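Student: Can we go through how to read a helix with a buried side? I never know where to start.

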Amino acid sequence: MLHANAAEGVHRIEDAHTNWYLIEDGDRLTVVDAGVPRSWDSLRTALNQLGRRLDDVAAVVLTHAHFDHIGFAERARSELHVPVHVHDNDAPLTRHPWRYDYERTPFAYFATQPQALPIVAEFVRTRAFFPPPVKDVVRFGTDVGTLAVPGAPRVLFTPGHTLGHCALHLPDRDAVIAGDALVMLDPYTARRGPRLVARAATADVERNLRSLDAIAATGARTVLTGHGEPWTGGAEAMVEQARRAGSA
């Protein structure tokens with residue numbers, strides 16, 4: 001489902017309770033995260049609704065390489081011949097998206113959080129758990145600064161959810177795409193509002209909490225996350241609430 005202009009020229013697409021984004025820059029586009037495998041159909045639909053073509057896509061950037069964020073990345077790479085950018089620490093995950101670190105087994109949540117089972121069912125229906133590995137990526141480091149892709153996002157190194165997690169600051173849009181550094185919906189508990197993702201999918205909660213400083217420091221009005229609705233109350237306020245909520 002397309003939600004146009006979640007921030008200026010930044011479009012949110014939601015599949016299986018997971019967000020991914022299109023950044024417009026003139027006649028070129030950057031895809032941020034790649035949803036679930038069936039998000040490829042959503043990409044084609046969204047581009048048609050925006051009056052765009054597949055040829056307009058110039059790059060894919062991954063905030064991190066969990067299975068529900070790399071969905072169609074390999075298909076974009078192989079069929080559209082566009083680079084897939086990811087932080088060096090998460091590059092191995094793009095080839096093995098199930099080999100991710102966490103602090104608590106996911107099965108504990110499946111057994112104790114029945115309110116989240118509809119989200120899990122959507123993951124199953126859309127084959128979110130089975131994305132194709134990305135065969136080749138363009139790695140960037142912690143000090144990369146601004147990526148040379150449409151929209152010129154400034155990379156914020158925000159490890160914790162994964163060890164290579166990065167947010168993307170768009171100063172000219174007064175927005176930051178936060179990935180899963182903090183979210184508005186935790187898929188493992190179905191809780192809404194600013195918070196960290198549950199320990200079932202977070203490698204290091206303490207490090208994740210420290211990384212939120214970088215997002216707050218942007219002062220961005222709009223924060224776009226990997227799960228849930230956009231936050232438009234300012235990055236600092238969102239981070240403050242997420243710290244209070246913590247991680248389940």
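Student: What covers the buried residues of H1?

Tutor: First, the ground rules. This is a predicted model, where local features need pLDDT of at least 70, side-chain atom pairs count only at pLDDT 80 or more, and totals for chains, interfaces and linings use all residues. Residues are numbered from 1 along each chain as its sequence is written, and side-chain values use heavy atoms, with hydrogens and water left out. Helices (H or I, at least four residues) and strands (E, at least two) are DSSP runs, numbered from the N terminus. Now your cover: it includes strands E1 (2–7), E2 (10–15), E3 (18–25), E4 (28–32) and E5 (57–61), plus helix H2 (73–80). Contact here means heavy atoms within 4.5 Å.

Student: Which residues of H1 are buried?

Tutor: Buried means under 20% relative accessible area, exposed over 50%, and partly exposed in between (1.4 Å probe, protein chains only). In H1 (residues 39–49), the buried ones are Ser 39, Trp 40, Ser 42, Leu 43, Ala 46 and Leu 47.

Student: Why are they on the same side of H1?

Tutor: An α-helix has 3.6 residues a turn, so residues three or four places apart point the same way. Here the buried residues cover an arc of only 155 degrees around the axis, which puts them on the same side of H1. That arc is taken from the directions from the helix axis to the C-beta atoms. Asn 48 and Gln 49 are exposed, on the face turned away from the buried side of H1.

Student: What phi does Gly 51 take, just after H1?

Tutor: A positive one, about 70 degrees.
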